[in-house]
Amino acid sequence: MQTSEGPVLWEQTQGCPQGSCSGPAFWNIVADEILSVQWPQGAHLQAFADDFAFIVTDNTREGLRKLSKLALDKFKVWEDKIKLHVSMEKSSYVLFSKLVRGPTIKWGNQSINRKNHLKYLGVTIDHKLSWLPHVIEQGKRAKDQYQHL
């Protein structure tokens with residue numbers, strides 16, 4: 001880029017312009033590598049655009065911890081390889097189980113927050129798999145929109 005003080009160079013190592021036509025296609029090429037990984041039995045990776053969700057199943061607290069660690073470590077290798085960064089502020093997990101104490105799940109050496117519910121792709125999912133939190137949230141949104149009208 002030419003400036004009043006002369007040319008300025010910027011080395012771009014990753015990314016593409018927000019809203020570009022080719023952006024989603026480029027992302028699909030990048031994400032395809034991690035989505036085609038063979039995960040161990042009991043671990044599944046789901047993605048929609050740049051939102052990833054692991055579904056991990058096991059009957060024991062320790063089994064959940066180990067399987068989660070294995071899956072997240074594999075994901076971390078991919079993340080480091082393509083120079084991405086997972087936001088710990090946006091990362092959380094929900095335990096769908098009758099276990100009293102859930103596992104401590106970590107990303108590297110940082111614990112991932114456990115919540116009673118989370119929002120994924122606009123749907124509120126709670127630890128009891130009831131629709132009540134989602135219906136309440138949608139009711140609030142409808143009420144707010146009605147009041148704005």
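## His-134 and its surroundings

Is His-134 buried or exposed? In this predicted model, His-134 counts as buried because its relative accessibility is 14%, and the cut-off for that label is under 20%. The residue has its place in helix 3.

What does His-134 touch, once residues up to four places away in sequence are set aside? The answer is Gly-122, Val-123 and Thr-124. With Thr-124 there is also a polar link: the His-134 side chain comes to 3.2 Å from the backbone nitrogen of Thr-124.

## Tyr-146, further along helix 3

Helix 3 covers residues 132–148, and Tyr-146 is part of that helix. Here the picture is a contrasting one: Tyr-146 has a relative accessibility of 63% and so counts as exposed, whereas His-134 is buried at 14%.

For a sense of distance, take Tyr-146 together with His-127. Their C-alpha atoms are 30 Å apart in space, with the two positions 19 residues apart in sequence numbering.

## Two domains and their interface

Let us step back to the whole chain. The domain assignment splits the chain into domain 1, residues 22–115, and domain 2, residues 116–148. Taken over C-alpha atoms, the domain centres are separated by 24 Å. Domain 1 brings 12 residues to the contact, and domain 2 brings 9.

How much area do domain 1 and domain 2 bury between them? The value is about 750 Å², and 70% of it falls on carbon and sulfur atoms. On the side of domain 1, the residues that lose the most area to domain 2 are Val-94, Phe-96 and Lys-115, which together make up 55% of what that side buries. Strand 3 (43–48), strand 4 and strand 5 (92–93) each give at least two residues to the domain 1 side that touches domain 2. As for polar links across this interface, there are 0 salt bridges and 1 residue pair in polar contact, with both residues at pLDDT 80 or more.

## An aromatic cluster

Now for the rings. The count of aromatic pairs comes to 8. One of them joins Phe-54 and Phe-75, with ring centres 5.8 Å apart and planes at 80 degrees, an edge-to-face arrangement. This pair bridges distant parts of the chain, since Phe-54 belongs to strand 4 (residues 51–56) and Phe-75 to helix 2 (residues 61–81), 21 residues apart.

The two partners differ in how accessible they are. Phe-54 is partly exposed, because its relative accessibility is 25%, while Phe-75 is buried, because its value is 6%. Both rings belong to a cluster linked by ring pairs, which also takes in Trp-27, Trp-39, Phe-52, Trp-78 and Trp-107.

## Ser-91, ahead of strand 5

Where is Ser-91 placed? Ser-91 lies in the loop between helix 2 and strand 5. With a relative accessible area of 18%, Ser-91 is buried; the reason is that this label applies under 20%.

A polar atom of the Ser-91 side chain lies 2.7 Å from the backbone oxygen of Ser-87. Beyond its neighbours within four places in sequence, Ser-91 is in contact with Val-86, Ile-112 and Asn-113.

Conventions:
Residues numbered from 1 in each chain as written. Heavy atoms only, no water. Phe/Tyr/Trp six-rings, centres within 6.5 Å; stacked < 30°, edge-to-face > 60°. Helix = DSSP H or I, 4+ residues; strand = E, 2+ residues; numbered from the N terminus. Buried < 20%, exposed > 50% of the residue type's maximum accessible area, 1.4 Å probe, protein only. Domains from an automatic or database assignment. Contact = heavy atoms within 4.5 Å. Buried area = accessible area lost by both parts, 1.4 Å probe. Salt bridge = Lys/Arg side-chain N within 4 Å of Asp/Glu carboxyl O. Polar contact = N/O pair within 3.5 Å; in protein donor to acceptor, adjacent residues only side chain to side chain.
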